[in-house]
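Reader: I would like a close look at one kind of contact in this structure, the salt bridge. Please take one pair of residues, and then set the others beside that pair.

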Amino acid sequence: KTKVLKNKQLLIIGYLSRENKNYYQRLRDLSKRNENIKILPNLRRNDVLTLLSKAKILFHPMPDEHFGIAIIEAMAAGCLPVVHASGGPLEIVDNGRYGLIYRDLSEIPELLNRAFNLSKHFQHKVKNRALQFDIKHFQEKLITLINNVNNVGR
């Protein structure tokens, strides 16, 4: 299955702590078999943003995540998100309208390959979607919600 993505550079970026050290070591050992996979733990924020600006897709494997700010940041940089069909990420990609979703691990290699091919077509669309999560929009929605609640009580 990894042959599908052999010609793509895959970067694994994330936070490494004592709690996830065993997971990191397992990923590192698995990735050694593939020259196109690099693991970059604990990068500075500017380095992450630079990488996102050059990336085509963001694969976010965490099922049942509450929200997923990393997904919004990647979308703002023009990355097509590939997320699990659960939790906040599913809402962010609006059930596949602004990204690709997977339900089963076996779908991932082919889905990532498809994402690489589609990423250019989605760039403008995902950037605009990310803007919908801007703090100004949150403030406006919260004010509207509070006003609606106040009006119901009258």
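Author: In this predicted model, Asp 29 and Arg 28 form a salt bridge, with 3.8 Å between the closest N and O atoms. That pair counts because the cut-off is a side-chain nitrogen of Lys or Arg within 4 Å of a carboxyl oxygen of Asp or Glu. Side chains of opposite charge can pair when their charged atoms come close. As for the surroundings, Asp 29 is partly exposed, at a relative accessible area of 42%. Arg 28 is partly exposed too, and its relative accessible area is 31%.

The search of the whole structure gives four salt bridges. Among them is one between the side chains of Arg 44 and Asp 47, where the N to O distance is 3.7 Å. Here the two partners fall into separate classes, because exposed means over 50% relative accessible area and buried means under 20%, with partly exposed in between. Arg 44 has a relative accessible area of 60% and is exposed, whereas Asp 47, with 29%, is partly exposed.

Another of the four joins the side chains of Asp 94 and Arg 97, with N and O 3.5 Å apart. Asp 94 has a relative accessible area of 28%, which puts Asp 94 in the partly exposed class. Its partner Arg 97 is also partly exposed, with a relative accessibility of 48%.

To return to the pair at the start, Asp 29 and Arg 28 meet at 3.8 Å, with Asp 29 partly exposed and Arg 28 partly exposed.

Technical notes:
Residues are numbered from 1 along each chain as its sequence is written. This is a predicted model: local features need pLDDT of at least 70, side-chain atom pairs count only at pLDDT 80 or more; totals for chains, interfaces and linings use all residues. Side-chain values use heavy atoms; hydrogens and water are left out. Buried means under 20% relative accessible area, exposed over 50%, partly exposed in between (1.4 Å probe, protein chains only).
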